[in-house]
Amino acid sequence: MPQVGILLLVHIFSALLPPVDPDEKTYYDVLKVDRNATPEEIRKAYRKISLRLHPDKVAQRGDVNQEEAAAEYEKVQEAYSVLVNEKKKQTYDTFRTPTRYRFYAQGSLTNPGALYENLTSASFFDKTRLVGLVTLLILLILLQPILICAKINQDLENRGSLQDASWAVIFIPYWIF
C-alpha cells in the first residue's frame with residue numbers, strides 16, 4: 001500500500017507536482033510489459049530491449065541514430081531500475097508518470113523554485129483545490145483561539161451559549177490534527 005503522504009501529494013497537492021504529459025511513455029510502455037508484470041517478465045523484457053539498444057551493439061551494427069538509441073537506452077535503464085525494485089515500483093504506480101516520479105525521487109519537493117514553477121503551470125482546478133485546502137487549514141487554526149477566548153469570556157460573565165460547553169468540545173479542532 002502506498003504511503004499516505006504520497007497519496008495526499010498526488011491527489012490533493014497535485015498543483016505542486018509537474019503537469020502530466022499525455023504523450024509521455026510510462027515505464028511499462030518503455031519496457032513493453034503489462035502493469036501486473038512479474039519481476040521475471042520485467043527482467044526478460046529489459047534484457048531483450050537492452051541488447052537491441054546497448055551503445056556497443058548499436059555501434060557494431062553501424063546504426064546512424066546512435067545518439068537516439070543511447071537516449072532510449074537510458075530510459076530503458078531508468079524504467080528497469082524502478083520497476084524491478086518493489087518499493088520504487090509501488091511509489092511509481094502512485095505517481096503514474098515518470099516525470100512526477102523523478103520529481104519526487106530527486107527530492108525536488110524541497111526546492112521552492114521547482115514548486116513555484118509547477119504551481120504556475122498547474123491547472124485551474126488543481127490550484128483551486130490547493131487554495132481551498134489552505135484556506136480550510138487556516139480557518140481551523142484560527143477557530144481554536146476564537147473558541148477558547150469565547151469560552152473564557154462566557155465563563156467569566158456567567159452567561160452565554162458556550163458556558164455549558166465542555167472544554168473537551170472546545171479543543172476538538174486540535175484533535176483533527
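**Briefing: burial, pocket and overall form**

T94 is buried, with a relative accessible area of 9%, and its place in this predicted model is in helix α6. T94 also belongs to the residues that lie nearest the centre of the largest pocket, together with V20, F95, R96 and T97. The protein around this pocket is built from eleven helices and zero strands, and its radius of gyration is 25 Å, where a compact globule of 177 residues would have one near 16 Å.

**Overall form**

- From the N terminus on, the elements of the protein run α-α-α-α-α-α-α-α-α-α-α, in keeping with a secondary structure that comes to eleven helices and zero strands.
- Taken along the principal axes, the box filled by the C-alpha atoms of the protein is roughly 90 × 35 × 25 Å.
- Among contacts between residues at least 6 apart in sequence, 59% join residues that are at least 24 apart.

**Surface and burial**

- The protein exposes about 11,800 Å², and carbon and sulfur atoms supply 60% of that area.
- Of the 177 residues of the protein, 29% count as buried, and both T94 and S108 are buried.

**The largest pocket**

- The volume of the largest pocket is about 180 Å³, and 15 residues line this pocket.
- By class, six residues of the lining are nonpolar, four are polar and five are charged.
- Helices α1 (4-11), α6 (86-95) and α7 (98-105) each supply at least two residues of this lining.

**T94 in helix α6**

- T94 counts as buried because its relative accessible area of 9% falls under the 20% cut-off for that class.
- T94 and D29 are 65 residues apart in sequence, and their C-alpha atoms are 16 Å apart in space.

**S108 in the loop after α7**

- The place of S108 is in the loop between α7 and α8 (112-120), and this residue is buried, with a relative accessible area of 15%.
- S108 likewise counts as buried because its value of 15% is under 20% relative accessible area.
- When its neighbours within four places in sequence are left aside, S108 is in contact with F103, A114 and L115.

Methods. Residues numbered from 1 in each chain as written. Predicted model: local features only at pLDDT ≥ 70, side-chain atom pairs only at ≥ 80, totals over all residues. Heavy atoms only, no water. 1 Å grid on protein atoms, 1.4 Å probe; cavity = no way out; pocket = protein on both sides within 12 Å on 5 of 7 lines; lining within 4 Å. Points joined across faces, edges and corners; volume = space filled by probe spheres on them. Helix = DSSP H or I, 4+ residues; strand = E, 2+ residues; numbered from the N terminus. Nonpolar A, V, L, I, M, F, W, Y, C, P; charged D, E, K, R; others polar. Buried < 20%, exposed > 50% of the residue type's maximum accessible area, 1.4 Å probe, protein only. Contact = heavy atoms within 4.5 Å. Rg over C-alpha atoms; globule rule 2.2 N^0.38 Å. Areas by Shrake-Rupley, 256 points an atom, 1.4 Å probe, with all protein chains shown as cover.
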